[in-house]
Every structure is written in C-alpha cells, then in structure tokens.
Amino acid sequence: MKNTIKFERALKNITQEELAKAIGVSRQTINAMESGKYCPSTILALKIAKYFSRKVDDIFELEDDD
C-alpha cells in the first residue's frame, strides 16, 4: 500500500514523533508506514486522515499486489 504520510508531514512541517504523539502510536510505527513495511488498521488510517483533514483514499492507495 502506497501512502503520502511523509508528504503530508512535510506540508505541516511536523516530525514523525509529533505525528505519532498526535495519533497515539510510536514513531517507529510512522516510520514503518512511510517506508511501506506496515499497513495500518482502518482505525489508524482514519486517525491519520482526520489529523491531516484529508480523506483516507487521499493518503492511502492500494497497489496491484495488495
């Protein structure tokens, strides 16, 4: 699953740590999502979308092999 979390963070000028604290996960979780090693739960995806005031499918995109 591709995502634009890193891009969205850059727009808001926040760190992985700041995003992690805001949505209640570890910085390592944010890092793993950004690098494509972790696929978030529906609830976590919704929290991230809400934090950035975006729709889930604006941030996350299924790839053909998902």
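## Close-up views of a predicted model

**View 1. Helix H3 and its buried residues.** In this predicted model, helix H3 spans residues 27–34, and Ile30, Ala32 and Met33 are buried in it. Looking down the axis of H3, you will find these buried residues within an arc of 165 degrees, so they line one face of the helix. Their cover includes strand S1 (2–3) along with three helices, H1 (5–12), H2 (16–23) and H4 (42–51). Past the end of H3 comes Gly36, and its phi is positive, near 80 degrees.

**View 2. Helix H1, with a buried side and an exposed face.** Which residues of H1 are buried? They are Ile5, Glu8 and Arg9. Around the axis they take up an arc of only 100 degrees, which puts them on the same side of H1. Turn to the face directed away from that buried side and you meet the exposed residues Lys6, Phe7, Ala10 and Leu11. The packing partners of the buried residues of H1 are S1, H2, H3 and H4, together with helix H5 (56–59) and strand S2 (60–61). Just beyond H1 sits Asn13, where phi is positive at about 55 degrees.

**View 3. Met33 and its contacts.** Here we zoom in on Met33, a residue of helix H3. Is Met33 buried or exposed? Its relative accessible area is 0%, so Met33 counts as buried. Leaving aside residues up to four places away in sequence, Met33 touches Asn3, Ile5, Tyr38, Pro40, Leu44 and Ile48. For a sense of scale, Lys55 lies 22 residues from Met33 along the chain, and 17 Å separates the C-alpha atoms of the two.

**View 4. The largest nonpolar core.** In soluble globular proteins, nonpolar side chains tend to be buried together. The largest nonpolar core of this model has 14 residues. Which of them touch the most other members? Those are Ile5, Leu19, Ile30, Ile48 and Ile59. At least two residues of this core come from each of H2, H3 and H4. Which helix gives the most to the core? That is H4, with four residues.

**View 5. Ile48 and its contacts.** Ile48 is one of the core residues that touch the most other members. Setting aside residues up to four places away in sequence, Ile48 is in contact with Ile5, Ile23, Met33, Ile59 and Phe60. Two of these names will be familiar from earlier views: Ile5 is one of the buried residues of H1, and Met33 is one of the buried residues of H3.

Notes: Residues numbered from 1 in each chain as written. Predicted model: local features only at pLDDT ≥ 70, side-chain atom pairs only at ≥ 80, totals over all residues. Heavy atoms only, no water. Buried < 20%, exposed > 50% of the residue type's maximum accessible area, 1.4 Å probe, protein only. Arc of directions from axis to C-beta. Contact = heavy atoms within 4.5 Å. Core = buried A, V, L, I, M, F, W, Y, C linked by side-chain atoms within 4.5 Å.
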